[in-house]
Each structure stands twice: as C-alpha cells, then as structure tokens.
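Reader: Hello! Could you walk me through this model step by step, with the cut-offs behind each term?

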Amino acid sequence: MNNRKILKGYQALMSSTFNVDTSSDKFKNGIIYTLYSDEFNSLKVGFAENERVLEKKLSSEALFLLDRKKGNKKDLFLLINTLKELGIKYSDNLYFKYPS
C-alpha cells in the first residue's frame, strides 16, 4: 500500500516538473562541458555537438575547460534544473557564479 503512494507521487512529480520533448535533437549525443572564466569568476555549462565545436568555443573565448562528458541536450537540461533547484543563480547564457 505504501509503495503505491510513493509511486503515484513520483509519477505526478515527473509529469508536472518535466516537459520532455522527444524530438531527435534533444537525444542526439554530444559533449556536455563545464568551462571556467577567470575574468568573471564564473562557470559555464553547455552542449557541443562534437570535439571540433568545443575546441572552437575554447579558442574563441577566454575560458578553461574543467570537465566534459558524453551526453545530450536532455542531460544538460536536467543539470541546469538541478542547479536551479539548489538555488544556484545563472545568467541567460548559462554562466553560474563560482563561489569564492
């Protein structure tokens, strides 16, 4: 009986919190990256389709690569929502203030 209540609540949470678009673009694999800006003392998270796109971004901006992993845009969306739920503020272009 308790399992049903937990499961029912879980389903309601998922349906009300996430509007998952099942288009192929959201599930296309690429690279989820975390970059650091020394100038602004901030982190930037994002998605790149491949290594070449990520290298171009690194060479065009004064950012340092902290981490990267395989993933898709849905994974990035979940990461951003998790950070928001933790109360971490970010700007429109996905820069997060790095705690000092």
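**Salt bridges**

Reader: With which side chain does the side chain of Glu-61 meet in a salt bridge of 4.0 Å, N to O?

Author: Happy to start there: this is a predicted model, in which local features need pLDDT of at least 70 and side-chain atom pairs pLDDT 80 or more, while totals for chains, interfaces and linings use all residues. Residues are numbered from 1 along each chain as its sequence is written, and side-chain values use heavy atoms, with hydrogens and water left out. A salt bridge here is a side-chain nitrogen of Lys or Arg within 4 Å of a carboxyl oxygen of Asp or Glu. At 4.0 Å from N to O, the side chain that meets Glu-61 is that of Lys-44.

Reader: How many residues apart in sequence are the parts that this pair ties together?

Author: Helices (H or I, at least four residues) and strands (E, at least two) are DSSP runs, numbered from the N terminus. Glu-61 sits in the loop between helix 2 (51–60) and strand 3 (64–71), while Lys-44 belongs to strand 2 (residues 42–48), so the parts tied together are separated in sequence by 17 residues.

Reader: Is Lys-44 buried or exposed?

Author: Buried means under 20% relative accessible area, exposed over 50%, and partly exposed in between (1.4 Å probe, protein chains only). Glu-61 has 26% and is therefore partly exposed. Lys-44 has a relative accessible area of 9%, so this residue counts as buried.

Reader: Which residues are linked with Glu-61 in a network of salt bridges?

Author: Besides Lys-44, Glu-61 has a salt bridge with Lys-57, where the closest N and O atoms are 3.5 Å apart. Lys-57 is partly exposed because its relative accessibility is 21%. In the network, Glu-61 is linked with Lys-44 and Lys-57.

Reader: How many salt bridges does this rule give?

Author: One of them joins the side chains of Glu-51 and Arg-68, at 2.9 Å from N to O. This pair links distant parts of the chain, with Glu-51 in helix 2 and Arg-68 in strand 3, 17 residues apart. Glu-51 is partly exposed at 38% relative accessible area, as is Arg-68 at 40%. By the rule, the number of salt bridges is three.

**The sheet and its helices**

Reader: What pattern does the protein chain follow along the sequence?

Author: The secondary structure comes to three helices and four strands. Read along the sequence, they give α-β-β-α-β-α-β.

Reader: What is the order of the strands in the open sheet?

Author: Two strands pair if DSSP finds at least two bridges between them. Strand 1 pairs with strand 3 over seven bridges in the antiparallel sense, and strand 1 also pairs antiparallel with strand 2 over seven bridges. The open sheet has four strands with antiparallel pairing, in the order 3-1-2-4.

Reader: Which are the edge strands?

Author: An edge strand of this sheet pairs on one side only. That description fits strand 3 and strand 4 (95–97).

Reader: How many of the eight residues of strand 1 are buried?

Author: Some of the residues of strand 1 (residues 30–37) have named partners: Leu-35 stands opposite Leu-65 in strand 3, and Tyr-36 stands opposite Phe-64 in that strand. On the strand 2 side, the bridge partner of Ile-32 is Phe-47. Strand 1 is largely enclosed by the rest of the structure, because the number of its eight residues that are buried is seven.

Reader: Which residue in the hairpin turn has a positive phi of about 50°?

Author: The hairpin is formed by strand 1 and strand 2, with four residues between them. In the turn, the residue with this positive phi is Asn-41.

Reader: At what angle does helix 2 run to strand 1?

Author: Axes are lines fitted to C-alpha atoms, for helices over the stretch in contact (heavy atoms within 4.5 Å). Angles run from 0 to 180 degrees between N-to-C directions. Helix 2 lies across strand 1, strand 2 and strand 3, and its angle to strand 1 is about 15°.

**A loop residue**

Reader: Which backbone nitrogen does the side chain of Asn-72 reach at 2.9 Å?

Author: Asn-72 lies in the loop between strand 3 and helix 3 and counts as buried at 10% relative accessibility. Its side chain reaches the backbone nitrogen of Lys-74 at 3.1 Å. At 2.9 Å, the backbone nitrogen reached by Asn-72 is that of Asp-75.

Note on methods:
A polar contact is a pair of N or O atoms within 3.5 Å; within protein, one must be able to donate a hydrogen and the other to accept it, and residues adjacent in sequence count only if both atoms are side-chain atoms.
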